[in-house]
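The exercises below are meant for a reader who is meeting this structure for the first time. Please look through the sequence and the model before trying each task, and then compare your reasoning with the worked solution.

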Amino acid sequence: MKFAVDRIEKNIVLCQNLKTEEMYEFNLDSMPDDIEEGAIIKYVHNKFLLDKKAYNKRKKEIEEKMKKLRNDEE
């Protein structure tokens, strides 16, 4: 199961399930130490792991969409 970290508030990490788009709250203590907003995490063998490859892919897709939007406005 993969999630996108929407935001971090105090000890709670709000995440969106990438498949169902449902929002979930998780305890910050259950997350990797270097968790940040926008990160992609996966739940494997009862723990959360950063998915840097998926994060980089998603980041690139968003940058391309933003570039296209800027070009369409011109």
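**Exercise 1: A network of charged side chains**

Task: In this predicted model, work out how exposed Asp6 is, and then find which residues are joined with Asp6 into one network of salt bridges.

Solution: Begin with Asp6, which has a relative accessibility of 39% and therefore counts as partly exposed, since that class lies between the limits of 20% and 50%. Next, look for a partner: the side chain of Asp6 meets that of Arg7 in a salt bridge, with 2.5 Å from N to O. Arg7, at 35% relative accessibility, is partly exposed. The side chain of Arg7 also meets that of Glu9 in a salt bridge, here with 2.7 Å from N to O, and Glu9 counts as partly exposed at 42%. Through these shared partners, Asp6, Arg7 and Glu9 are joined into one network.

**Exercise 2: A link between distant parts of the chain**

Task: Find the salt-bridge partner of Asp51, and decide whether Asp51 is buried or exposed.

Solution: A search of the whole structure gives three salt bridges, and one of them pairs Asp51 with Lys2, whose closest N and O atoms are 2.8 Å apart. This pair links distant parts of the chain, because Asp51 sits in the loop between strand 5 and helix 1 while Lys2 belongs to strand 1, 49 residues apart. For the second step, Asp51 has a relative accessible area of 10%, which is under the 20% limit, so Asp51 is buried. Lys2, by contrast, is partly exposed, with a relative accessible area of 37%. When neighbours within four places in sequence are set aside, the contacts of Asp51 are Lys2, Ile40, Ile41 and Lys42.

Ala54, in helix 1, can be treated in the same manner: its relative accessibility is 19%, so Ala54 counts as buried. Apart from neighbours within four places in sequence, Ala54 is in contact with Lys2 and Ile40.

**Exercise 3: The nonpolar core**

Task: Identify the residues that make up the largest nonpolar core, and say which elements give two or more residues to this core.

Solution: The largest nonpolar core has 10 residues in all, namely Phe3, Val5, Val13, Cys15, Phe26, Met31, Ile35, Ala39, Ile41 and Phe48. The elements that contribute two or more residues to this core are strand 1 (2–9) and strand 2 (12–17). To see one core member in its surroundings, take Phe3, which, not counting residues up to four places away in sequence, touches a list of residues including Cys15, Phe26, Ala39, Ile41 and Phe48. As background, nonpolar side chains tend to be buried together in soluble globular proteins.

**Exercise 4: A hairpin and a surface patch**

Task: Determine how strand 2 and strand 3 run and how many bridges join them, and then locate the residues of a nonpolar surface patch.

Solution: Strand 2 and strand 3 (residues 23–27) run antiparallel and are joined by five bridges, with Leu14 standing opposite Glu25 in strand 3. The hairpin that these strands form has five residues between the strands, and Glu21 takes a positive phi near 65° there. Turning to the surface, a nonpolar patch of about 280 Å² is made by Ile62, Met66 and Leu69, and Leu69 has its place in helix 1.

Definitions and conventions:
Residues are numbered from 1 along each chain as its sequence is written. This is a predicted model: local features need pLDDT of at least 70, side-chain atom pairs count only at pLDDT 80 or more; totals for chains, interfaces and linings use all residues. Side-chain values use heavy atoms; hydrogens and water are left out. Buried means under 20% relative accessible area, exposed over 50%, partly exposed in between (1.4 Å probe, protein chains only). Contact means heavy atoms within 4.5 Å. Helices (H or I, at least four residues) and strands (E, at least two) are DSSP runs, numbered from the N terminus. A nonpolar core is a set of buried Ala, Val, Leu, Ile, Met, Phe, Trp, Tyr and Cys residues joined through side-chain atoms within 4.5 Å. Patches are made of residues with over 30% relative accessible area and no salt bridge: like charges are joined within 9 Å, nonpolar side chains (Val, Leu, Ile, Met, Phe, Trp, Tyr) within 5 Å. Accessible areas come from the Shrake-Rupley method with a 1.4 Å probe; for residues, only the protein chains shown count as cover. A salt bridge is a side-chain nitrogen of Lys or Arg within 4 Å of a carboxyl oxygen of Asp or Glu. Two strands pair if DSSP finds at least two bridges between them.
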